[in-house]
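Here's a quick walk through one model, going from its packing out to a couple of odd backbone spots. Have the structure open as you read.

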Amino acid sequence: MPTTIAVIRAFGPIDVKSVARDSMLRWMIGMPIILALVFRWGVPALAGWLGERYDFDLIPYYPLLSSFLVLMIPTLIGAVVGFLLLDQRDDRTLTALQVTPLTVQGYLAYRIAVPMTVSVPVMMASVAIADLVEMGVATAFAAAVQAAPTAPLYALFVAAFAANKVQGFALLKGAGVLTWPPVFAWFIASPWQVAIGLDPLYWPLKLFWMLEAGEPRVALYFLAGLGYQGILIALLLRRFKAVIAR
């Protein structure tokens with residue numbers, strides 16, 4: 001714990017300054033609330049237009065639409081952290097850590113914990129602002145906790161496989177294909193949805209839908225999702241350590 005606190009004190013102010021001076025990162029930090037506001041005002045307006053023009057009821061699909069926030073918010077936060085990791089990897093910051101009282105393990109713990117911690121309240125606030133589904137604080141918290149590991153997954157994915165920010169942005173765009181199979185799961189009968197479980201984004205979406213609908217077996221999906229995401233984070237950490245050791 002002391003090591004982690006020391007890393008937060010050392011890198012927290014640096015991260016704030018790095019985000020503040022990068023227009024792209026500032027934009028990404030502000031996007032969750034912008035998206036929530038767009039959903040709050042845009043989706044009901046779209047529902048009214050579809051109802052009047054095509055007699056189509058969009059309201060039953062509000063949980064599906066709200067779940068896009070579950071996908072987008074940790075992704076955006078993870079992307080910001082991934083770009084910070086790229087910058088500090090290029091600056092040989094992690095190499096310098098080896099000759100200081102701060103440890104690489106403490107630094108990586110910080111890089112995993114911070115995006116997860118930040119994404120939970122941001123996602124809860126965004127779902128509340130969007131106001132498309134009714135979820136209590138406890139259920140919204142459970143959904144946010146399950147989605148939180150998506151942030152370090154994206155951060156480590158970018159940092160482990162991209163050589164620079166341009167490649168990182170391209171990788172994030174390519175990883176966008178992972179968002180579609182879980183969305184399609186909404187239209188697939190429940191037993192067959194598990195086939196999509198190899199996609200780590202399926203688990204937070206499925207849990208969100210189950211919590212919103214008050215379905216049983218929520219704890220099973222919650223633990224399975226966290227366990228699977230934990231394995232993927234461990235694999236990406238191993239890859240990232242191999243990259244910085246070169």
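Which residues touch the most other members of the largest nonpolar core? In this predicted model, Phe83 and Phe208 do, in a core of 55 residues. A nonpolar core here is a set of buried Ala, Val, Leu, Ile, Met, Phe, Trp, Tyr and Cys residues joined through side-chain atoms within 4.5 Å, and buried means under 20% relative accessible area, with exposed over 50% (1.4 Å probe, protein chains only). Helix 3 gives the most to this core, 13 residues.

Helices are DSSP runs of H or I, at least four residues long, numbered from the N terminus. Now look at Ser67, which sits in helix 3 (residues 62–90) and is buried at 1% relative accessible area. Leaving out residues up to four places away in sequence, Ser67 touches Leu205, Phe208 and Trp209; contact means heavy atoms within 4.5 Å. With the same sequence cut, Phe208 also reaches Pro63, Ser66 and Val70, among others.

Two loop residues have a positive phi without being glycine:

| Residue | Phi | Loop | Relative accessible area |
|---|---|---|---|
| Asp55 | about 55° | between helix 2 and helix 3 | 70%, exposed |
| Arg217 | near 60° | between helix 11 and helix 12 | 53%, exposed |

For background, most residues other than glycine have a negative phi.

Residues are numbered from 1 along each chain as its sequence is written, and side-chain values use heavy atoms, with hydrogens and water left out. As the model is predicted, local features need pLDDT of at least 70 and side-chain atom pairs count only at pLDDT 80 or more, while totals for chains, interfaces and linings use all residues.

Technical notes: Helices (H or I, at least four residues) and strands (E, at least two) are DSSP runs, numbered from the N terminus.
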